Amino acid sequence: MKNFSFANRIQNINKMKSQEFDLIIIGGGINGAGVARDASARGMKVALIEARDFASGTSSKSSKLIHGGIRYLENMEFKLVFEALNERTRLFDMAPHLVHPLRFMIPLYEESRVGMFKMGLGMWLYDALSLFQTPEIHERLNAEESMDRMPALRHQQLLGSYIYSDAYMDDDRLVHETLRSANENGALCANYVKATGVQFGSDGKIESVLCEDQHSQEKFAIKGRHIISSVGPWTDSLGEKIFKDWKNILRPTKGIHLTLPKHRLPLSSAVVMAAEKSDRIVFGIPRHEMIIIGTTDTDFKDAPENVSATPEDVKYLLSVTDYYFPGANLTAHDIIASYAGVRPLVNDGSSSEGKTSREHTIIHDDRGVTFVAGGKYTTYRLMCEQTVDAALQSFSFEERVAWSKSDTTKPLNAYTSVDAFLQAKVQADVWSQETGRPYEEMRLLAERYGMEGEEILNKYSSDMTYWQLEAAQAIDSTMCLHMRDFYARRVPLFLADRNHGVKYLEEIGQVFQDKLGWSDSRLKDEKHMLTEYMAHELEWKKHV
């Protein structure tokens, strides 16, 4: 694939200054990335800008699940669940290195809001809405069978459980891979470029977006025929910046997650924990490198960039987990890390945060902008296709016909098609023998990159450590500009490593310094930025 690096960023910004685009996309999360991929695949000329790092907002702060949303059946949102389950099937083929099947257990107790019979009906409906294209059909277990399957589970008053299939994923890397695919199609993307305003033409339509490079502080304008707003929880803020008559549409809610070492909560599958007196659901999710516990769902009024976990959030998640797994005796000291994000839910007047729909909204304004907000991560591809279709209303009949066909169901990366991914896992042993590197590292490389792992090994020095290879790949192929962004959104070091990967700081820093031409002073500043980021995310630990 083409490079998608610091050097490409500079080239892309220079082109943005001098060219006119069919679409200018503001926002580099999953929706912006998906729109860029979809539109560029249709043949449109596309520019995308992101004020911070790609995926630095909600798109890296999810539960990291690709799922239909079992609880949305209770809200009668059958269309949403149907779309999500069908998109789940597509994503297994589009990105098998990022989206992995996972079994989920729903334990039911005498005091649970939903009994075994009603939950059984829901399970059959869930499988049916997937058109039975599920990795495995659901199972019904009695209390004894449930304890055999999940010995750490609370056994008092247990009625039984259901086991069903969904998937876990790497949310931030799915954004990067989608952007790389858009880059392959010719879309021009740049992070750390902030939209500061717009310019209107004499016809009352937007003709350009005013920008500021957050690195050089240079101000410039990008000319475009239509704007897409895909800024998630910043939608109302951007809407007010563009239009004086903007009416707020969001009900932002905060969600926080905790990460634990796998040995502290031995889960045989993911587990769905329903807080008994509310409509929230808390997941326990085993991944290859950690356990994730989450999420909370509370209204959030502050600026999205200020979101963080509080001691109360942490205590709530621990209390729910303790109810289901009392023998684990989890405390705040067991927690490796936490992360917090803001969901850009569209305000539908619901009585609670949990009841607010996860359906997306697309608003097309004839003054030259289309807004997309809300929605589930799982349905991003379909949502982005619909967003581009809506934007096409602003173009001529001939252009609408030429750009009418969307083709975004093929693999994001040819190196990680289903066949290539399976081949890479077989090749890991060969790579180990040829390079002398540990098999465990080569297996990890294959699982994260498919057959691109072979390209990575050929491209970079054999003297590099595993994490140096990861750093070099991130810089050259995901436009990673800061060490903070690498630790937070390219690899699981901050979330999964007990010491947050600090022991690799020097070797990783060396790669960044060499590749980006940093001075010793700049490297020191970057390390400081990283430690500040970690301190901010874990501020709650000082108060528990």
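Biologist: At what angle does helix H7 run to E9?

Modeller: Bear in mind that this is a predicted model, where local features need pLDDT of at least 70, side-chain atom pairs count only at pLDDT 80 or more, and totals for chains, interfaces and linings use all residues. Residues are numbered from 1 along each chain as its sequence is written, and side-chain values use heavy atoms, leaving out hydrogens and water. Helices (H or I, at least four residues) and strands (E, at least two) are DSSP runs, numbered from the N terminus. Helix H7 (residues 235-242) lies across E9 and E10, contact being heavy atoms within 4.5 Å, and the angle (0 to 180 degrees between N-to-C directions of axes fitted to C-alpha atoms, for helices over the stretch in contact) of H7 to E9 is about 35 degrees.

Biologist: And which helix lies across E1, E9, E10 and E11?

Modeller: This helix spans residues 6-18 and runs at about 65 degrees to E11. The helix is H1.

Biologist: Which strands stand at the edges of that sheet, and why is one side of each left without a neighbour?

Modeller: The sheet is open, with four strands in the order E1-E11-E10-E9 and mixed pairing. Each edge strand has a single partner strand, so one side has no neighbour in the sheet. The edge strands are E1 (20-21) and E9 (193-200).

Biologist: What is the bridge partner of Phe21 in E11?

Modeller: Strands count as paired if DSSP finds at least two bridges between them. E1 and E11 (residues 219-224) pair in the parallel sense over two bridges. In E11, Phe21's bridge partner is Gly224.

Biologist: Which residue in the hairpin of E9 and E10 takes a positive phi?

Modeller: These two strands pair in the antiparallel sense over seven bridges, and Gly197 has Leu210 in E10 as its bridge partner. The hairpin has five residues between the strands. The phi is near 85 degrees, and the residue is Gly204.

Biologist: Over to helix H13: how wide an arc do its buried residues cover?

Modeller: Buried (under 20% relative accessible area, 1.4 Å probe, protein chains only) residues of H13 (452-459) are Glu452, Gly453, Ile456 and Leu457. They sit on the same side of H13, because their arc around the axis (from directions to the C-beta atoms) is only 145 degrees.

Biologist: How are H12 and H14 oriented to each other?

Modeller: Their axes come within 11 Å and cross at roughly 20 degrees. Angles under 35 degrees count as roughly parallel, so the helices are roughly parallel.

Key:
Buried < 20%, exposed > 50% of the residue type's maximum accessible area, 1.4 Å probe, protein only. Parallel < 35°, antiparallel > 145°, perpendicular 65-115°, else oblique.
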